Amino acid sequence: MRIIGIDTPERGDCGFNEAKQRVEQLVGGREVAVITVAGHDERDRYGRELGYITFNQTDLGTVLLAEGLAHARYDGLDGYDRHPRQDAYRALDASTPNLCG
């Protein structure tokens, strides 16, 4: 599963462990909703499902961006499909210090 519109650190990069632990804390073992976007690719080039993840009516991408654990990417500004939360994700990313600078 890949969240549309955000990029978290890769294994071995600064912030990977913190982002992974936070995702596990927020959604590990809990029921989540995967929201797909009409007109947007359903899978990325690696075959991973693409969508937004929500839990308790909270958007996981928004939480990770707000906590500096992700960047807004892979959207209409990067040559990918524009998505409905793009402007909000980009604004949040620009206003939040990132964990790794």
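Two strands are said to pair when DSSP finds at least two bridges between them. In this predicted model, that rule is a helpful way into the strands around S4. Strands S1 and S4 run parallel to each other and are joined by two bridges; within this pairing, isoleucine 3 has glycine 51 of S4 as its bridge partner.

Strand S4 also pairs with strand S3, which spans residues 33-35, this time in the antiparallel sense and over three bridges. Here isoleucine 35 stands opposite tyrosine 52 of S4. A further antiparallel pairing, over two bridges, connects S4 with strand S5, residues 58-59. Phenylalanine 55 and threonine 58 of S5 are bridge partners. S4 and S5 form a hairpin with two residues between them, and asparagine 56 in the turn has a positive phi of about 45 degrees. As for its surroundings, strand S4 covers residues 50-55, and six of its six residues are buried, so the strand is largely enclosed by the rest of the structure.

Helix H3 offers another view of the buried parts. This helix runs over residues 86-95, and its buried residues are Gln86, Tyr89 and Asp93. Because these residues cover an arc of only 70 degrees around the axis, they lie on the same side of H3. In general, an α-helix has 3.6 residues a turn, so residues three or four places apart point the same way. The face of H3 turned away from the buried side carries the exposed residues Ala88, Ala94 and Ser95. The cover over the buried residues of H3 includes strands S2, S4, S5 and S6 together with helix H2.

Attention now turns to charged side chains. Side chains of opposite charge can pair when their charged atoms come close. The structure holds eight salt bridges. One of them joins aspartate 7 to arginine 73, with the closest N and O atoms 2.9 Å apart. This pair links distant parts of the chain, 66 residues apart: aspartate 7 belongs to strand S2, and arginine 73 to the loop between S6 and H3. Aspartate 7 is buried, at 13% relative accessible area, whereas arginine 73 counts as partly exposed, at 33%. A network of salt bridges links Arg2, Asp7 and Arg73. Arginine 2 is part of strand S1 and is buried, with a relative accessible area of 17%. Leaving aside residues up to four places away in sequence, arginine 2 touches several residues, among them Asp7, Asp44, Glu49 and Tyr74.

Two further salt bridges also link distant parts of the chain. Arginine 22 meets glutamate 67 with the closest N and O atoms 2.7 Å apart; arginine 22 lies in helix H1 and glutamate 67 in the loop between H2 and S6, 45 residues apart. Glutamate 67 is partly exposed, at 37% relative accessibility. The side chains of aspartate 59 and arginine 85 meet at 2.6 Å, N to O. Aspartate 59 is in strand S5, while arginine 85 is in the loop between S6 and H3, 26 residues apart. Of this pair, aspartate 59 is buried, at 11% relative accessible area, and arginine 85 is partly exposed, at 23%.

Finally, the surface has a nonpolar patch of about 220 Å², made by Met1, Val32 and Val34. Methionine 1 sits in the segment before strand S1, and its relative accessibility of 43% makes it partly exposed.

Note on methods
Residues numbered from 1 in each chain as written. Predicted model: local features only at pLDDT ≥ 70, side-chain atom pairs only at ≥ 80, totals over all residues. Heavy atoms only, no water. Patch = residues over 30% accessible without salt bridge, like charges linked within 9 Å, V, L, I, M, F, W, Y side chains within 5 Å. Areas by Shrake-Rupley, 256 points an atom, 1.4 Å probe, with all protein chains shown as cover. Salt bridge = Lys/Arg side-chain N within 4 Å of Asp/Glu carboxyl O. Helix = DSSP H or I, 4+ residues; strand = E, 2+ residues; numbered from the N terminus. Buried < 20%, exposed > 50% of the residue type's maximum accessible area, 1.4 Å probe, protein only. Arc of directions from axis to C-beta. Contact = heavy atoms within 4.5 Å.
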